[in-house]
Amino acid sequence: MAVNVISSGLSTTVQDLGRPGYYHLGIPISGGMDRFALRAANMLVGNDEGAAVLEAVFLGPELEFTAPATVAVTGGDLPPRLNGDGRSTWEAFPVKAGDRLSFGYLRTGARVYIAVSGGIDVPVKLGSRSTYTLGALGGHEGRALKAGDSLPLGAGTGAGGKGAIPAGLRRMPGSTAELRMLPGLYWHRITAAAGKQFFADTWKVAPEADRIGYRFKGGTVLDFVPREPPFGAGSNPSNIVDACYPYGSIQVPGGTEPIVLHRDAVSGGGYMMLGCVISADMDLIGQLQPHSPARFVEVSMDQALAARADRQAALARLRAHLGR
Amino acid sequence: MSIRFSFGGDEHIFAEVSEEMSLEAFFTSLSMTNAVKAAGIKGVTEICPANASFQVKFDPDRIKAGDLLKELQSMEGAASESDGTLQTRIMEVPVLYQDPWTHETLMRFRERHQNPNATDLEYAAEVNGLGGVEDFIKAHSSQPWFVSMVGFVAGLPFLYQMVERKRQLQVPKYLRPRTDTPKLTIGHGGCFSCIYSVRGAGGYQMFGVTPMPIYDPTQKVSYLQDEMCLFRPGDIVKWKPVTRDEYDAAIEAVDANRYEPVIRPSTFSLSAFNRDMAGTNAKLMEALNGR
């Protein structure tokens with residue numbers, strides 16, 4: 001049982017829920033950028049929620065199945081086609097041996113998660129099947145898929161093949177994405193006025209937006225609090241002695257364009273960070289297209305934890321809806 | 001030194017031991033992260049030491065941020081009294097300085113550099129007030145370096161020069177980061193050198209390349225079969241300038257998987273080092289060279 005890659009799409013990778021425990025070596029957690037959608041896709045086909053799926057960005061792959069299976073596509077609105085016939089996203093559908101899955105043009109969102117019953121059964125590396133392309137680790141040969149690749153499927157076909165997730169149970173960013181963030185880390189390095197302006201500005205996703213991080217542009221250049229550069233930090237006011245970068249941390253090299261680190265984050269470096277996008281909103285970043293507008297919204301730790309609970313409740317509603 | 005703690009969103013606690021780099025700050029960071037590891041605190045998922053800071057990632061569904069913060073703060077006193085003694089390793093890293101690959105790369109990114117008319121080594125020599133490239137290479141390779149952080153990308157070591165602060169080489173990073181750096185480039189930014197473990201973006205000045213693999217996700221390289229990443233914080237590195245012929249011979253050995261890095265066990269004491277840097281480094285060289 002396998003999935004054959006006829007064409008690869010822009011950058012399609014094998015991802016599961018990630019590879020925690022190696023960040024101290026510079027190996028990031030990886031895994032799906034929109035884990036809500038990844039879990040939903042697995043639920044629809046009857047897999048464990050953390051089974052390995054394919055993550056495709058902007059442009060879908062074309063895939064051929066060698067055996068009957070159940071398939072679901074979740075996340076952005078990248079319309080699936082089975083042998084040319086339209087299928088719905090967020091809905092399980094059966095495939096037969098020889099069937100081909102392709103995609104139309106992206107309407108909304110940025111990434112889709114393609115789950116196949118049994119899961120994509122590439123070798124587990126350091127506890128995960130996720131692809132970390134920069135480090136050539138995990139997934140299929142440590143890289144994005146290419147035409148001609150053949151991906152093995154796990155044995156269990158699951159009890160999926162039915163069920164859909166209505167729009168009210170999905171989670172996608174609004175027309176202007178609101179990314180909630182907890183200020184901290186090196187927030188004290190910028191002036192109070194610059195901090196206020198940072199939240200007031202509407203930013204746009206820059207073309208440099210990938211699994212490592214999302215860059216934002218179009219906002220006001222930050223004013224820094226003057227200082228004598230600490231030994232080893234470097235002379236730019238945005239420099240710090242190279243330190244760890246939290247997931248979701250917002251660094252602003254030179255004070256110009258904020259970068260939010262994501263699942264394939266660089267684990268550290270020498271730029272000050274303003275704080276972190278809260279865990280509940282990391283999924284939303286994975287669904288942002290270049291040039292789309294976004295705002296950063298200040299929250300407290302209590303609000304961050306309430307948002308985290310909301311996201312967990314939304315997952316619980318999905319499970320209940322699908323009878324899991 | 002009082003540690004500054006800050007929450008990094010709802011899943012991280014970030015701790016800055018000191019704004020400026022020093023081995024004292026590094027050892028406090030290492031003691032803290034070792035103490036956190038030893039405590040086996042439930043809900044802690046990642047413990048990452050850095051040069052003069054550290055970070056703990058946690059699952060807020062299993063431990064409250066405030067409770068974890070209190071636990072970390074309770075460890076601070078013991079960590080700051082760490083005597084800075086480490087059982088560690090000294091290893092030799094061969095370097096082909098002024099190699100053709102970093103040269104080709106730096107020429108492609110001259111418009112992002114402070115001095116488009118000089119190479120990175122020429123610029124580094126100039127800003128450190130050294131006579132020329134040969135003098136800079138001598139200053140870079142004559143004394144050992146201390147691995148004070150592993151990260152950025154998989155297995156990349158940050159290295160801190162084991163000499164008096166006034167002798168430490170400092171070079172600004174590129175004005176704008178490059179989009180390309182050859183694999184196994186020896187880089188330098190601020191007071192840190194590094195070895196780029198993978199090809200990719202980078203902002204450090206480029207001085208040369210090593211033939212010695214330091215990261216192997218396929219775990220085929222003979223000395224990287226147990227651990228994909230060679231370096232750990234606390235390792236000590238001595239650069240060994242090599243000729244092109246020696247570099248080519250090493251690459252041949254790497255390709256045949258019979259390359260054996262020179263790695264020896266050693267101890268390091270921060271207080272002994274601070275008392276007598278030259279003497280400490282001479283002993284490290286004895287350990288490395290088996291004399």
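**Exercise 1. Strand pairing around S5 of chain B**

Determine which strand joins S5(B) through seven bridges, and in which sense the two run.

*Solution.* In this predicted model, the partner is strand S12 (residues 263-269) of chain B, and the two strands run antiparallel. One point of register is given by B:Thr85, which stands opposite B:Ser269 in S12(B).

Next, consider S11(B): S5(B) pairs with S11(B) in the parallel sense, over six bridges. Here B:Met91 has B:Val237 of S11(B) as its bridge partner.

Finally, S10(B) pairs with S5(B) in the antiparallel sense over two bridges. B:Leu96 has its bridge partner in S10(B), namely B:Val209.

**Exercise 2. The buried side of helix H6 of chain B**

Identify which residues of helix H6 (residues 133-141) of chain B are buried, and explain why they lie on the same side of H6(B).

*Solution.* The buried residues in H6(B) are B:Val133, B:Phe136, B:Ile137 and B:His140. Around the axis they cover an arc of only 100°, which is why they fall on the same side of H6(B).

The next step is to ask what covers them. The cover includes two strands already met in pairing with S5(B), S10 (205-209) and S11 (236-241), as well as strand S5 (85-97) itself and helix H5 (120-127), all of chain B.

**Exercise 3. The surroundings of B:Tyr204**

Establish where B:Tyr204 lies in chain B and whether B:Tyr204 counts as buried or exposed.

*Solution.* B:Tyr204 is located in the loop between strand S9 (192-195) and S10 of chain B. A residue is buried if 20 or more other C-beta atoms lie within 10 Å of its own. B:Tyr204 has 26 C-beta neighbours inside 10 Å and therefore counts as buried.

Its contacts come next. With neighbours within four places in sequence left aside, B:Tyr204 is in contact with B:Lys173, B:Gly187, B:His188, B:Gly189 and B:Cys194. As for B:Ile186, 18 residues separate it from B:Tyr204 in sequence, and the C-alpha to C-alpha distance is 8.9 Å.

**Exercise 4. The fold and domains of chain B**

Describe how compact chain B is for its 291 residues, and how its two domains meet.

*Solution.* The secondary structure of chain B consists of nine helices and twelve strands. Its radius of gyration is 20 Å, close to the 19 Å from the globule rule for 291 residues, so chain B is as compact as a globular protein of that length. The C-alpha trace spans about 55 × 45 × 40 Å along its principal axes. Of the 291 residues, 45% are buried. Among contacts with a separation of 6 or more in chain B, 63% are between residues 24 or more positions apart.

Chain B is divided into domain 1 (4-80) and domain 2 (87-289). Their centres, taken over C-alpha atoms, are separated by 28 Å. To the contact between them, domain 1 contributes eight residues and domain 2 contributes nine residues. Helix H1 (residues 23-39) of chain B supplies four residues, the largest share of the side of domain 1 that touches domain 2. That side of domain 1 has seven nonpolar, one polar and no charged residues.

**Exercise 5. The contact between chains A and B**

State how many residues each chain gives to the contact, and which classes make up the side of chain A.

*Solution.* Chain A gives 42 residues and chain B gives 45 residues. On the side of chain A that touches chain B, at least two residues each come from strand S15 (239-244), strand S18 (268-271), strand S19 (273-277) and helix H4 (301-321) of chain A. By class, this side of chain A has 24 nonpolar, 16 polar and two charged residues.

Terms used: Residues are numbered from 1 along each chain as its sequence is written. Chains are lettered from A and ligands numbered from 1 in the order in which they are written. This is a predicted model: local features need pLDDT of at least 70, side-chain atom pairs count only at pLDDT 80 or more; totals for chains, interfaces and linings use all residues. Two residues are in contact if their C-beta atoms, placed from the backbone, lie within 7 Å. Ala, Val, Leu, Ile, Met, Phe, Trp, Tyr, Cys and Pro count as nonpolar, Asp, Glu, Lys and Arg as charged, and the others, Gly among them, as polar. A residue is buried if 20 or more other C-beta atoms lie within 10 Å of its own, exposed if 12 or fewer, and partly exposed in between; C-beta atoms are placed from the backbone. The arc is that of the directions from the helix axis to the C-beta atoms. Two strands pair if DSSP finds at least two bridges between them. Domain bounds come from an automatic or database domain assignment. The radius of gyration is taken over C-alpha atoms; the globule rule is 2.2 Å times the number of residues to the power 0.38.
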